[in-house]
Amino acid sequence: MPDTKKFIENLSGAGKSIGVLTSGGDAQGMNAAVRAVVRMGIYVGAKVYFIHEGYQGMVDGGDNIKEASWESVSSMLQVGGTVIGSARCKDFRTHEGRLHSALNLVQRGITNLCVIGGDGSLTGANLFREEWSELLDELVESGQISEEDSQIHSTLHIVGMVGSIDNDFCGTDMTIGTDSALHRIIEVVDAIMTTAQSHQRTFVLEVMGRHCGYLALVSALACGADWVLIPEMPPKDGWEEQMCQKLSENRVDKKRLNIIIVAEGAIDQNNKPVTTDHIKDLVVRCLGFDTRVTILGHVQRGGTPSAFDRILASRMGVEAVLALLEASPGTPACVVSLCGNQAVRVPLMECVQMTQEVQKAMDEKRFKEAVKLRGRSFENNLHTYKLLSHHKTDAELPHSSFNVAVLNVGAPAAGMNAAVRSAIRVGITEGHTMFAVSDGFEGFYKGQIKEIKWGDVGGWTGQGGSLLGTKRTLPAKHVDKIAEQMRIHNINALLVIGGFEAYMGLMELQAARSKHEELCVPMVMVPATVSNNIPGSDLSIGADTALNAITDTCDRIKQSASGTKRRVFIIETMGGYCGYLATVGALAAGADAAYIYEEPFDIRDLQSNVEHLTEKMKTGIQRGLVIRNENCSENYTTDFIYQLYSEEGKGVFDCRKNVLGHMQQGGAPSPFDRNFGTKIAAKAMQWISKKLTEFYREGRVFANKEDSACLLGMRRRALVFQPVTQLYDETDFVHRIPKEQWWLRLRPLMKILAKYKTSYDVSDAGQLEHIVRLRAKDNSAI
């Protein structure tokens with residue numbers, strides 16, 4: 001990290017021109033990336049050009065290359081696909097085509113290109129960059145451009161963003177569009193499950209992924225599929241019998257449906273394709289089950305982008321402009337990518353080479369290596385899937401003689417059930433006897449504790465809320481009774497899944513260890529709350545689902561204004577004193593302002609926001625969106641802000657207000673929350689197993705060190721176990737928030753994209769990293 005802070009104010013784009021294009025297959029979120037590039041480019045004083053129809057538009061020139069304005073990207077954040085068009089282009093593959101493209105760019109003074117597409121599109125861009133000076137020489141020779149033009153435009157800078165629903169690009173955890181494609185798949189699977197349940201059917205689903213099984217793997221994890229077939233992990237010989245055996249065992253376990261997910265590129269050990277029809281015939285022939293095939297096809301590319309994709313694309317778009325501004329003639333073409341929740345820059349050709357190596361490894365049947373090359377995120381998904389998929393018989397299981405209790409604490413959050421299911425099944429696989437506690441610490445002291453088996457948590461991944469029941473009660477007052485219940489049931493470890501009360505509860509239990517040795521057992525907490533206000537973790541289970549609920553509602557509300565001109569909506573979100581939902585929701589919904597407790601504001605700020613909206617109403621964009629966190633200010637309430645805006649905006653715009661309330665806690669969990677909950681709880685359970693062995697002395701478990709009561713959180717790039725006592729100083733207990741919150745760095749981004757002049761610290765902007773370095777840090781990644 002540099003010693004001196006760098007601010008956006010010191011980076012100027014004056015005199016620079018940036019071309020933005022989308023190429024190859026479309027992906028939801030591309031529009032959000034285009035919008036961010038255009039607005040950030042204009043903000044720093046550069047000219048930005050749309051290049052319509054991908055490389056084809058660049059070759060053809062003319063009206064395909066148009067200057068973009070601030071208003072021209074309005075209302076595109078929530079639209080799927082790509083508004084500026086994409087095409088697969090043969091002409092650009094020819095030298096002649098690239099020569100035409102170079103001429104078209106030079107004529108408009110464009111020497112910075114932002115390419116949003118897959119690896120083919122990005123490789124093409126890099127070749128174009130490498131040939132640039134030769135192309136200019138040719139154009140000078142043929143008299144199409146002057147020697148002076150050639151000197152002025154001597155270097156072409158390229159930054160790529162990966163838009164691909166397959167998530168098949170090495171060097172980034174997530175590509176733009178992947179999360180939205182998972183939303184489409186899970187919506188379909190959830191819908192199919194109800195009909196399959198009614199008729200006791202087996203469904204074979206084909207999802208996209210010709211060369212990469214990411215969508216199939218993660219959707220299988222997110223819906224608890226019985227079997228998954230992906231190109232990176234061809235099934236071993238004899239898999240047909242194994243699969244049929246598993247399906248029939250599940251039916252015996254009273255499971256009324258079976259789901260098999262197949263990637264379109266699935267193969268067997270001999271590189272022969274495994275088709276959905278082959279699987280259907282197999283199930284019908286061997287088991288006689290009523291079996292149906294559903295091919296999802298282009299549904300997965302369609303629909304509106306998820307909140308995650310909008311935020312990812314917006315962050316990447318801004319980062320891409322920064323990378324172009326900072327590029328010097330020697331800078332290699334780079335890709336803006338995501339590592340954990342951090343934006344990083346990686347050399348484009350390193351990523352392309354790594355991506356090609358994966359395919360080569362698969363062609364040569366080096367499948368283990370292919371999985372490793374795919375990167376940490378893929379590897380961990382596969383590891384978790386294997387961990388959860390095989391239900392061994394009691395005789396096959398190791399026997400540990402340890403009892404582990406799982407409970408939910410605090411308000412319900414979508415994804416809690418996925419975490420409980422994962423913990424229970426991993427615990428059983430590790431040989432423990434698992435106990436479920438109903439209604440949090442309240443149920444604990446009342447003795448609502450019962451053993452829970454593998455089959456009891458079937459179908460839990462897709463269920464919202466908390467099936468165990470959850471309460472906000474803290475344990476301190478009932479610690480004697482809780483210790484007694486721990487003794488009665490001989491509980492040797494605790495896994496607490498919940499929000500701020502769970503965090504405080506764990507601290508209280510640890511403090512009571514000196515009086516009750518029953519509490520001297522390994523304890524771990526997994527953060528689950530829509531507010532995302534837990535110290536020690538950048539993200540918590542449930543926040544993504546709540547963000548999607550906010551984003552969907554804001555989209556509808558904005559649409560309702562399309563018929564009535566000049567309207568401003570004031571929307572109140574949850575979060576307690578934590579402004580995460582308001583800020584990130586505002587970024588995903590394209591809001592004009594977001595009021596939060598962490599950033600104090602006064603009447604002058606409100607006044608300047610009203611003036612800003614008044615100016616906005618004079619342009620072609622005649623609606624506004626203002627988001628307010630429920631506790632951002634004691635006196636500037638939602639009603640006050642509504643009345644102020646109504647009064648001050650008289651004659652210019654009218655106002656409406658909307659309190660989103662508990663809809664943010666409900667609904668089916670998003671794919672991200674299901675997957676995050678599943679992976680983080682599995683990791684917590686493995687930690688418990690390790691600690692139980694470590695603290696087992698003379699026939700009993702005794703753990704009273706501070707590292708035996710931990711919170712498992714996601715920090716920047718990795719999942720980290722942190723003793724709760726060490727998090728004490730990082731916590732503002734009065735307002736129930738961490739003292740430092742990473743997402744506050746996204747606030748300037750939101751303001752810039754809403755046309756406010758602001759200070760933006762870019763010292764943390766992605767430094768160029770190499771893939772080898774990224775892979776070295778992988779060990780504890782999620």
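Helix H22 supplies the largest share of the lining of the largest cavity, 5 residues in this predicted model. H22 spans residues 671–694, and it isn't working alone: helices H6 (178–199), H7 (214–223), H10 (307–326), H13 (376–389), H18 (543–560) and H19 (580–589) also put at least two residues each into that lining. Altogether, 31 residues line the largest cavity. Nearest its centre lie Phe 308, Leu 338, Gly 340, Leu 539 and Phe 672. What sort of residues make up the lining of the largest cavity, nonpolar, polar or charged? The split is 20 nonpolar, 5 polar and 6 charged.

How is empty space like this found in the first place? Rolling a probe the size of a water molecule over the atoms shows where space is left empty. A search of the whole structure turns up 3 cavities of 30 Å³ or more, and the largest has a volume of about 510 Å³.

Two of the helices that help line the largest cavity, H18 and H19, also meet each other. Their axes come within 9 Å and cross at roughly 50°. Angles from 65 to 115 degrees count as roughly perpendicular and those under 35 as roughly parallel, so H18 and H19 are oblique to each other. As for handedness, the crossing of H18 and H19 is right-handed. On the H18 side, the contact is made by Ala 543, Ala 546, Leu 547, Ile 550, Thr 551, Cys 554 and Lys 558. H19 answers with Tyr 580, Leu 581, Val 584, Gly 585, Ala 588 and Ala 589. Sorted by type, the residues of this contact come out as 10 nonpolar, 2 polar and 1 charged.

Now for a pocket. The second largest pocket holds about 1000 Å³ of space. It is lined by 41 residues, and the ones closest to its centre are Gly 25, Arg 88, Gly 118, Asp 119 and Gly 120. Two or more lining residues come from each of helix H4 (119–141), strand E6 (202–207) and helix H11 (348–363). Which element gives the most to the lining of the second largest pocket? That is H4, with 6 residues. The lining of the second largest pocket divides into 11 nonpolar, 17 polar and 13 charged residues, while the lining of the largest cavity has 20 nonpolar, 5 polar and 6 charged.

Terms used. Residues numbered from 1 in each chain as written. Predicted model: local features only at pLDDT ≥ 70, side-chain atom pairs only at ≥ 80, totals over all residues. Heavy atoms only, no water. 1 Å grid on protein atoms, 1.4 Å probe; cavity = no way out; pocket = protein on both sides within 12 Å on 5 of 7 lines; lining within 4 Å. Points joined across faces, edges and corners; volume = space filled by probe spheres on them. Helix = DSSP H or I, 4+ residues; strand = E, 2+ residues; numbered from the N terminus. Nonpolar A, V, L, I, M, F, W, Y, C, P; charged D, E, K, R; others polar. Axes fitted to C-alpha atoms, helices over the stretch in contact; angles between N-to-C directions. Parallel < 35°, antiparallel > 145°, perpendicular 65-115°, else oblique. Left-handed = near helix turned anticlockwise from the far one by under 90°. Contact = heavy atoms within 4.5 Å.
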